[in-house]
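Here is a walk through one protein chain, from its overall layout down to single side chains. Keep the 3D view open while you read.

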Amino acid sequence: MDIFKFEVGHLLHEETGKTTEFSFDLAPDKKDFPEMNFSGNLSGEVTVMRVDNGVSVSVQNLKASIIFDCQKCLKTFEKELEIEEIERIFWENPTIERDDPTEFFQIDMKSQKIDISDMLRQEIILHFPPVSVCSKSCKGLCSLCGANLNVEKCECKAVEDLKPLSILKELYNGKTSGTQTKDL
């Protein structure tokens, strides 16, 4: 089922500037959004306007609730994403040259429909947090025993107390405090 496909055939026979509006509040299909784990519906309002050689598609007030894994403590958490507006052009003619082929969206002229799922997917990914953490105060996992430091205090020696290069200091101090080495 293609839930993010909209019929635009009636606009293709209209003059430039003619608009039509749709809205959606749907559970996204995993095949359209494989990188995302939604915890609810994806909603927004769509305005489609006839332009030369295609239609301009504008999505306003896009809302999604996505489940992420915290990169510090590995706990899952939910984040609300709200995107004010997205706009793309869907073209009738595939032979028109474009600056960026990844930004090329086409009207299915056979069914006279547009599929906005890839447009939505790309924009939602752009709004992912650069580092997904459950909270600013997340302490993460102990690097030695793996304990979740948000939940429990572990008995491991603090990482700053561990000095793996301290042996070099001892060797250096031994060399300068009277131990002589023969230069080759």
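What follows goes from the fold to the salt bridges, and then to a few backbone and surface details.

**The overall picture**

First off, keep in mind that this is a predicted model. The chain has three helices and seven strands. If you trace it along the sequence, the pattern reads β-α-β-β-β-β-β-β-α-α. Of the 184 residues in the chain, 33% are buried. Among contacts with a separation of 6 or more, 57% come from residues 24 or more positions apart. On the outside, the chain exposes about 12300 Å², and carbon and sulfur atoms supply 50% of that area.

**The sheet and the helix across it**

Five strands make up an open sheet, in the order E2-E3-E4-E5-E6. The pairing in this sheet is mixed. Its edges are strand E2 (19-26) and strand E6 (105-106), each of which pairs on one side only.

How is E6 joined to strand E5? Two bridges do the job, and strands E5 (residues 76-91) and E6 run parallel. To find the spot in your viewer, look for Trp91, which stands opposite Gln106 in E6.

Now bring helix H2 (residues 117-126) into view. Helix H2 lies across E2, strand E3 (42-51), strand E4 (54-69), E5 and E6. Relative to E5, helix H2 runs at about 130°.

**Salt bridges**

Searching the whole structure turns up five salt bridges. Three of them are laid out here, including the N to O distance for each.

| Acidic residue | Basic residue | Closest N to O distance |
|---|---|---|
| Glu35 | Arg121 | 3.2 Å |
| Glu92 | Arg50 | 2.6 Å |
| Asp118 | Arg121 | 2.9 Å |

Start with Glu35 and Arg121, which form a salt bridge with their closest N and O atoms 3.2 Å apart. Glu35 sits in the loop between E2 and E3 while Arg121 belongs to helix H2, so this pair ties together parts that are 86 residues apart in sequence. Is Arg121 buried or exposed? Arg121 is buried, with a relative accessible area of 18%, which puts it under the 20% cut-off. Glu35, at 42% relative accessibility, counts as partly exposed.

Arg121 also forms a salt bridge with Asp118, at 2.9 Å. This one is a local affair: Asp118 and Arg121 are three residues apart in helix H2, so about one helical turn separates them. Asp118 is partly exposed, with a relative accessible area of 30%. Through shared partners, salt bridges join Glu35, Asp118 and Arg121 into one network.

The side chains of Arg50 and Glu92 meet in another salt bridge, 2.6 Å from N to O. That pair links distant parts of the chain, with Arg50 in strand E3 and Glu92 in the loop between E5 and E6, 42 residues apart. Arg50 is buried, at 11% relative accessible area, whereas Glu92 counts as partly exposed at 22%.

**Two backbone oddities**

Which residues have a positive phi although they are not glycines? One is Asn53, with a phi of about 65°. Asn53 is found in the loop between E3 and E4, and at 44% relative accessibility it counts as partly exposed.

Another is Gln112, whose positive phi is about 55°. Gln112 has its place in the loop between E6 and strand E7 (113-115). Like many loop details, this one is easiest to see in the viewer: Gln112 is partly exposed, with a relative accessible area of 23%.

**A nonpolar patch on the surface**

Finally, move along to the residues around helix H3 (166-176). Leu165, Ile167, Leu168 and Leu171 make a nonpolar surface patch of about 430 Å². Leu165 lies in the loop between H2 and helix H3. With a relative accessible area of 62%, Leu165 is exposed.

Terms used: Residues numbered from 1 in each chain as written. Predicted model: local features only at pLDDT ≥ 70, side-chain atom pairs only at ≥ 80, totals over all residues. Heavy atoms only, no water. Pairing = 2+ DSSP bridges. Helix = DSSP H or I, 4+ residues; strand = E, 2+ residues; numbered from the N terminus. Contact = heavy atoms within 4.5 Å. Axes fitted to C-alpha atoms, helices over the stretch in contact; angles between N-to-C directions. Salt bridge = Lys/Arg side-chain N within 4 Å of Asp/Glu carboxyl O. Buried < 20%, exposed > 50% of the residue type's maximum accessible area, 1.4 Å probe, protein only. Areas by Shrake-Rupley, 256 points an atom, 1.4 Å probe, with all protein chains shown as cover. Patch = residues over 30% accessible without salt bridge, like charges linked within 9 Å, V, L, I, M, F, W, Y side chains within 5 Å.
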